[in-house]
Amino acid sequence: MSGSSSPFFEVNIPVPFGSIAGKWYGSKDVRPILLIHGLSDNCGTFDRLIPLLPSHGSYLAIDLPGHGQSSRIPNGMMYHVADLAQVILWIMKAYKWSKVSLLGHSMGALASFCFVGMFPGKVDLFIALDALQLCHFEQILDQQANFISRSMQADEDYVNNVPTNKYTYEQLIDKIHHLPSCTIPKDLCHHILRRNIRKSTLLPESYCFQYDNRTKYPNILGWSTEASALTAKRIKFPVLIIKATDSIPYGDDEEFMRIVNSIKDNNVPIKLVNMTGGHYIHLIDADRVATEIGKFLNDIGYFEKSVKSKI
């Protein structure tokens, strides 16, 4: 498969609290597929995938608020997955898009799913990588109580300039290599690290994470199984779901299949691919994932129907 021949360029999209940073691959005159990363990641997670996607496409991978090179949300607030729908709206407004094509990994897929439920008429494509519906479980209230407390403490530490932990680059590689969700080969860890760390101004050859620590403790209340079911019924556009077989569980499997089957009942193109691999399969096995995405986009005639806009 031929990859994108155009180099990416950095973008900074104004939002009320600062800016959303990202990398744009391909023509600036074609509305891109918007790629949204997972929790504590950044747009670098798509570094290996995007160049393998069809070269006649355009792709915009962003850093979510508080991640990578994007601005953190105001002090005293808490990150909420469903609130990320607003980020998509800000980007659409900045570029004057009437429709958006979404590709999300992990939390990025969950946020995209929320957006689909709220604004189904604004979406013409949804690709979900190893996540779909938000999780619901009996311990959610206790977990949320813990997240609220830890988010508040992280915010206070930032306001009070509490020193952050310093690491050597090799220690950072080890931390990314041994993520709870997946083991990433060491030679690929730099894709995640590059935009998430900064060099220490005090200790030579030391680094610290620069993302907002509050992002690790998101607010996960306020999205029900009923909302997920209704979202599935609202989908009237093509959907591709790639699910890693060796990943951590994301939501109840029975609920997941109910949503998939409900989308099928809408008589829209939908494809579910169970692919051998872990949670970062799009980074580790980018060739396989890109092949599936490229085939799906070609099968549905996406590029023939995609909207062109002067940006």
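This section describes the cysteines, salt bridges, residue contacts and enclosed spaces of a predicted model.

The cysteines were examined with regard to disulfide bonding. A search of the whole structure finds zero disulfides. Cys-208 illustrates this result. The closest cysteine sulfur to that of Cys-208 belongs to Cys-189 and lies 18 Å away, which is too far for a bond, because a disulfide requires two cysteine sulfur atoms within 2.5 Å. Cys-208 has a relative accessibility of 0% and therefore counts as buried. Cys-114 likewise counts as buried, because its relative accessibility is 0%.

Charged side chains were considered next. Side chains of opposite charge can pair when their charged atoms come close. In this model the count comes to 15 salt bridges. One of them joins the side chains of Lys-23 and Asp-47, with a distance of 2.6 Å from N to O. This pair links distant parts of the chain: Lys-23 belongs to strand β2 (residues 18-25), whereas Asp-47 is found in the loop between β3 (33-36) and β4 (59-62), and the two are 24 residues apart. Both partners, Lys-23 and Asp-47, are buried.

A salt bridge is also formed by Glu-292 and Lys-271, whose closest N and O atoms are 3.2 Å apart. Here too the pair links distant parts of the chain, since Glu-292 is in helix α9 (residues 286-299) and Lys-271 is in strand β12 (residues 270-275), with their positions 21 residues apart in the numbering. Lys-271 has a relative accessible area of 29% and is therefore partly exposed.

A further salt bridge brings together the side chains of Asp-285 and Arg-288, at 2.9 Å from N to O. Asp-285 is classed as partly exposed because its relative accessible area is 29%. Arg-288 also counts as partly exposed, on account of a relative accessibility of 35%.

Salt bridges also join into a network, which links Arg-72, Asp-155, Asp-212 and Arg-214. Within this network, Asp-155 is located in helix α3 (residues 140-159). The relative accessible area of Asp-155 is 10%, so this residue is buried; the limit for that class is under 20%. When residues up to four places away in sequence are not counted, Asp-155 touches Arg-72, Asn-75, Gly-76, Met-77 and Arg-214. Two of these contacts, Arg-72 and Arg-214, are also members of the network.

Contacts between residues separated in sequence were then examined at two further positions. Met-78 is placed in the loop between β4 and α1 (84-95). Leaving aside residues up to four places away in sequence, Met-78 touches Ile-73, Gln-144, Phe-147, Ile-148, Ser-151, Tyr-217, Pro-218 and Asn-219. Met-78 and Ser-149 stand 71 residues apart in sequence, yet their C-alpha atoms are 10 Å apart in space.

Ile-176 lies in helix α4 (residues 169-177). Its relative accessible area is 8%, and Ile-176 is therefore buried. With residues up to four places away in sequence again not counted, Ile-176 touches Ile-184, Cys-189, Ile-192 and Leu-193. The last of these, Leu-193, is 17 residues from Ile-176 in sequence, and the distance from C-alpha to C-alpha is 7.8 Å.

Finally, the spaces within the model were analysed. The structure holds one cavity of 30 Å³ or more. The volume of the largest cavity is about 60 Å³. Its lining consists of Leu-39, His-67, Tyr-79, His-80, Val-81, Leu-84, Met-107, Thr-215 and Pro-218. By class, six of the residues lining the largest cavity are nonpolar and three are polar, while none is charged. Pro-218, one of the lining residues, is also among the contacts of Met-78.

The second largest pocket contains about 200 Å³ of space. A total of 13 residues line this pocket, and those nearest its centre are Phe-17, Ile-73, Asp-83, Gln-86 and Trp-90. The lining of the second largest pocket divides into 10 nonpolar residues, two polar residues and one charged residue. Ile-73, named here among the residues nearest the centre of the pocket, is another of the residues touched by Met-78.

Note on methods: Residues numbered from 1 in each chain as written. Predicted model: local features only at pLDDT ≥ 70, side-chain atom pairs only at ≥ 80, totals over all residues. Heavy atoms only, no water. Buried < 20%, exposed > 50% of the residue type's maximum accessible area, 1.4 Å probe, protein only. Salt bridge = Lys/Arg side-chain N within 4 Å of Asp/Glu carboxyl O. Helix = DSSP H or I, 4+ residues; strand = E, 2+ residues; numbered from the N terminus. Contact = heavy atoms within 4.5 Å. 1 Å grid on protein atoms, 1.4 Å probe; cavity = no way out; pocket = protein on both sides within 12 Å on 5 of 7 lines; lining within 4 Å. Points joined across faces, edges and corners; volume = space filled by probe spheres on them. Nonpolar A, V, L, I, M, F, W, Y, C, P; charged D, E, K, R; others polar.
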